[in-house]
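Visitor: I've got a few minutes before my next run. Can you walk me through this one?
Guide: Sure, have a look and fire away.

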Amino acid sequence: MAVEFEFHTPSTLIEALTWLSADAGLSPLAGGTNMVVDMRCARHFPQGVVNINHLADLKGIHQEDNYFVLGSTITITELLQDGLVKQYAPALQQAAAVFANPLIRNRATLGGNLVDASPAADMAPPLLILNADVELLSQSGSRLIPLKEFFIGVRKTILQPGELLFSVRFLILKGASAFQKIGLRKADAISIVSAAVYLECNSKNICQELRIALGSVAPRPFRAEEAENYLKGNLMTPKNIHLTAKLAAKATTPINDVRSSAEYRQRMTEVIVSRLINKLVTQTLIEDN
Ligand SMILES: Cc1cc2nc3c(=O)[nH]c(=O)nc-3n(C[C@H](O)[C@H](O)[C@H](O)COP(=O)(O)OP(=O)(O)OC[C@H]3O[C@@H](n4cnc5c(N)ncnc54)[C@H](O)[C@@H]3O)c2cc1C
């Protein structure tokens, strides 16, 4: 039997915020790729939804001084096709390329992926290595929060009722970055393990900056800071890279589920972190020559 619910289509951002602040039973609806599934299987059935997908203020990708700003309702396809994202956030674009399938990519939004806060959210690791901030907006104002503080547990964030994720922003950086995920299939698969790495090293092969973010191996996507600190200031030797990847794997707290054992998740974390660092070292050497 179909269950009735309210469906609001505000024509402005202010109107959307007014609806959301007036009634805590209303949820924002963007692409609907999580929400409609949740409603269909009665995991989460709000009293009503406020459609934000068409609001111009939440769209677009642009540069603001040294910052790169992504509107919360840009789709994964838009991220995939954008020249600026390719240039400044290659790991993010690589994650978009292996996200779901083309139909889902055309609907799913960046903001929806972050607010849904699945441990396997593919947009999270590439943004965590960029030290991205999220801008949250409500009727009473806006606040800028580091993305790493946004996630607080499995499908839990610090977002308050009446608040919208307005944009994601990060400083444009000069280092190299890359993303990899392992799923049950090569395409259209939820991540069993995912990792994004950002690296800067100097001409003496010393690591100047390293950021490692992991997905699907803990209740929330997170940065493997002990591993990062181990390699920073050190020579990028095979042994040091190997030990760094081991420390990243040690920081995980994975679960056994239908997709994978915890043991496999932990082992594959080490494999892909090592692979990504080596790939970026090679890339940096080629670019320098
Ligand atoms: C077949 C299939 C394959 C998938 N594959 C992948 C995959 O490979 N990788 C992956 O990471 N995910 C995958 N997903 C999950 C999903 O597509 C993403 O999480 C998607 O990005 C959610 O965005 P949306 O716009 O559809 O959000 P919605 O479903 O509209 O909303 C999701 C949640 O976020 C809230 N919300 C949305 N936008 C905002 C906002 N701006 N401010 C405040 N709250 C907001 C909603 O209220 C809701 O609680 C898959 C889903 C399906 C159905």
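Visitor: Start with the core. What share of the 289 residues is buried?
Guide: Buried residues make up 52% of them. Keep in mind that this is a predicted model.

Visitor: And the surface? How much area does the protein expose?
Guide: About 13900 Å². Carbon and sulfur atoms supply 54% of that.

Visitor: What about overall dimensions?
Guide: The C-alpha atoms fill a box of roughly 60 × 45 × 30 Å along the principal axes. The radius of gyration is 19 Å. A compact globule with 289 residues would have a value near 19 Å, so the two agree.

Visitor: How many helices and strands are there?
Guide: The protein has 12 helices and 14 strands.

Visitor: How much of the contact map is long-range?
Guide: Take contacts with a separation of 6 or more. Residues 24 or more positions apart account for 59% of those.

Visitor: Switch to the ligand. How many residues surround it?
Guide: The ligand has 27 residues around it. Pro-28, Gly-31, Thr-33, Asn-34 and Thr-109 are the closest.

Visitor: How does that shell split by residue type?
Guide: There are 17 nonpolar residues, eight polar and two charged.

Visitor: Which polar atoms sit by the ligand's oxygens?
Guide: Three examples. A polar backbone atom of Gly-31 is 2.7 Å from a ligand oxygen. For Asp-122, a backbone N or O atom lies 2.8 Å from a ligand oxygen. Lys-181 uses its side chain, with a polar atom 3.0 Å from an oxygen of the ligand.

Visitor: And how much of the ligand's area does the protein bury?
Guide: The protein buries 88% of it. Taken alone, the ligand exposes 990 Å².

Visitor: Which elements give two or more residues to the shell?
Guide: Those are β2 (26-29), α7 (110-116) and β10 (164-171).

Visitor: Which of them gives the most?
Guide: α7, with three residues.

Visitor: Last topic, helix α5. Which of its residues are buried?
Guide: Helix α5 covers residues 90-97. Its buried residues are Ala-91, Leu-92, Gln-93, Ala-95 and Ala-96.

Visitor: Any reason for that spacing in general?
Guide: As background, an α-helix has 3.6 residues a turn, so residues three or four places apart point the same way.

Visitor: What do the buried residues of α5 pack against?
Guide: Among helices, they pack against α3 (76-81), α4 (83-88), α6 (102-107) and α8 (124-128). The strands they pack against are β5 (67-71) and β11 (176-182).

Technical notes. Residues numbered from 1 in each chain as written. Predicted model: local features only at pLDDT ≥ 70, side-chain atom pairs only at ≥ 80, totals over all residues. Heavy atoms only, no water. Near = heavy atom within 4 Å. Polar contact = N/O pair within 3.5 Å; in protein donor to acceptor, adjacent residues only side chain to side chain. Areas by Shrake-Rupley, 256 points an atom, 1.4 Å probe, with all protein chains shown as cover. Helix = DSSP H or I, 4+ residues; strand = E, 2+ residues; numbered from the N terminus. Nonpolar A, V, L, I, M, F, W, Y, C, P; charged D, E, K, R; others polar. Rg over C-alpha atoms; globule rule 2.2 N^0.38 Å. Buried < 20%, exposed > 50% of the residue type's maximum accessible area, 1.4 Å probe, protein only. Contact = heavy atoms within 4.5 Å.
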